[in-house]
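Biologist: I'd like to go through this one with you and check what the words really mean. Can you show it to me?

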Amino acid sequence: MAFDVECINTRLSPLHLGFVEVVGCRIARRRDWVVRTPGERLHGLRCGGWTSTRGQTVSPEQYGRAPLFADAWPEMAKFIDGRPVVAHNAGARDVAALRRGCDDVGVPWPELTFACSLALARRVWRTRGGATAVVCCYQLHHLARRLFPEAGLYQPRYDLVAYLHADPVEDAEAAAHLVLAAQETTRTQTLAELLAVTGCSLRHVEPDRYQQSERTWASREPIRVPQPRVINHWDGELFARTVQASCQDIRANWRGDPALIAGCPHPGSCTR
């Protein structure tokens, strides 16, 4: 099982999540979910829609109708079915995005067991100087083209990645194929065997803490109500209405401690 998350902002709030299930060394199922973050809108270059390298577009209307991450997670958890999941740079980005999706509405973190395909790749294909002659870069699209080109990933629209956005299902497929390639290289049969051979480990997320490394856990920081992030606009009245709408959206969807939202300084603390 592998997954990837595309985010709507620099706080890593999730927007589009892709999952793939691997059965017998083959991709058996693919699923994706679009989720909404309270107080956030598709804006800037995304105002006309969010388009991926595979041509899939998330329109502002679709985004507006999308469930919150906290509401969509039970269906995702059912798809995962308690199995470990793999993501590229999992702890720093994808799993962090899942935690942020819960922080944005003040609910407990999801329970999850995960491994990082980036860490695995660095252990399997490495030399004293870093990368090998086969792998000179650990970015997913490079690994896919070097290690498993037969999968047909990142062709040909990935060259437009500066203008488009990565497809989470495609990235999840690449992470899955990367693990399979690592198993073939190390002559292992399962993810557990691969982790043992490479010295990597599974990590865990719990409702109030997450595992940073094999021996280190980090507790959840005190929950804070997210601040609206609104793009500055030449029309001051429009800016004020947008800020107010974002604040109302955050308040309406807050599920944490009511005292936190009651004492929130919005909209006075909103920055332009």
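Biologist: Let's start with handedness: is the crossing in which α6 passes α7 left-handed or right-handed?

Modeller: α6 passes α7 in a left-handed crossing. A crossing gets that name if the near helix is turned anticlockwise from the far one by less than a right angle, and clockwise makes it right-handed. One warning before we go on: this is a predicted model, so local features need pLDDT of at least 70 and side-chain atom pairs count only at pLDDT 80 or more, while totals for chains, interfaces and linings use all residues. Residues are numbered from 1 along each chain as its sequence is written, and side-chain values use heavy atoms, with hydrogens and water left out.

Biologist: What makes something a helix or a strand here, and how many of each are there in the protein?

Modeller: Both are DSSP runs, numbered from the N terminus: H or I over at least four residues for a helix, E over at least two for a strand. The protein has nine helices and 10 strands.

Biologist: At what angle do α6 and α7 pack, and how far apart are their axes?

Modeller: Helix α6, residues 168–186, packs against α7 at about 65 degrees, with the axes 10 Å apart. Those axes are lines fitted to C-alpha atoms, for helices over the stretch in contact, and angles run from 0 to 180 degrees between N-to-C directions.

Biologist: Which residues make that contact?

Modeller: On α6, V179, A182, Q183 and T186; on α7, L191, L194 and V197. Contact means heavy atoms within 4.5 Å. By class there are five nonpolar, two polar and no charged residues. Ala, Val, Leu, Ile, Met, Phe, Trp, Tyr, Cys and Pro count as nonpolar, Asp, Glu, Lys and Arg as charged, and the others, Gly among them, as polar.

Biologist: Which word describes how α4 lies to α7, and why?

Modeller: The axes of α4 (residues 117–124) and α7 (residues 191–198) come within 10 Å and cross at roughly 55 degrees. That makes α4 oblique to α7. The cut-offs are under 35 degrees for roughly parallel, over 145 for roughly antiparallel, 65 to 115 for roughly perpendicular, and oblique for the rest. The crossing of α4 and α7 is left-handed. L120, R123 and V124 of α4 meet L191, L194, L195 and T198 of α7, which divide into five nonpolar, one polar and one charged.

Biologist: Where is the kink in α3 centred, and how big is the angle?

Modeller: Helix α3, residues 90–103, has a kink of about 40 degrees centred on A96. The bend at a residue is the angle between axes fitted to the seven residues ending there and the seven starting there.

Biologist: And why is α3 called largely enclosed by the rest of the structure?

Modeller: 10 of its 14 residues are buried, so α3 earns that description. Among the buried ones are D94, A96, R99 and C102. Buried means under 20% relative accessible area, exposed over 50%, and partly exposed in between, with a 1.4 Å probe and protein chains only. Over the 272 residues of the protein, 50% count as buried.

Biologist: Is D4 buried or exposed, and how do you know?

Modeller: D4 has a relative accessible area of 7%, so it falls in the buried class. D4 belongs to strand β1, residues 2–7. Setting aside neighbours within four places in sequence, D4 is in contact with residues including H16, D94 and D171.

Biologist: What about R36, buried or exposed?

Modeller: At 16% relative accessible area, R36 is buried. R36 is in the loop between β3 (26–34) and β4 (50–51). Not counting residues up to four places away in sequence, it touches Y63, F69 and D249, among others.

Biologist: And R187: which class does it fall in?

Modeller: R187 has a relative accessible area of 75%, so it counts as exposed. R187 lies in the loop between α6 and α7.

Biologist: What is notable about the phi of R187?

Modeller: Phi of R187 is near 60 degrees, a positive value in a residue other than glycine. Most residues other than glycine have a negative phi. C25 has a positive phi too, near 65 degrees. C25 sits in the loop between β2 (14–23) and β3, and at 55% relative accessibility it counts as exposed.
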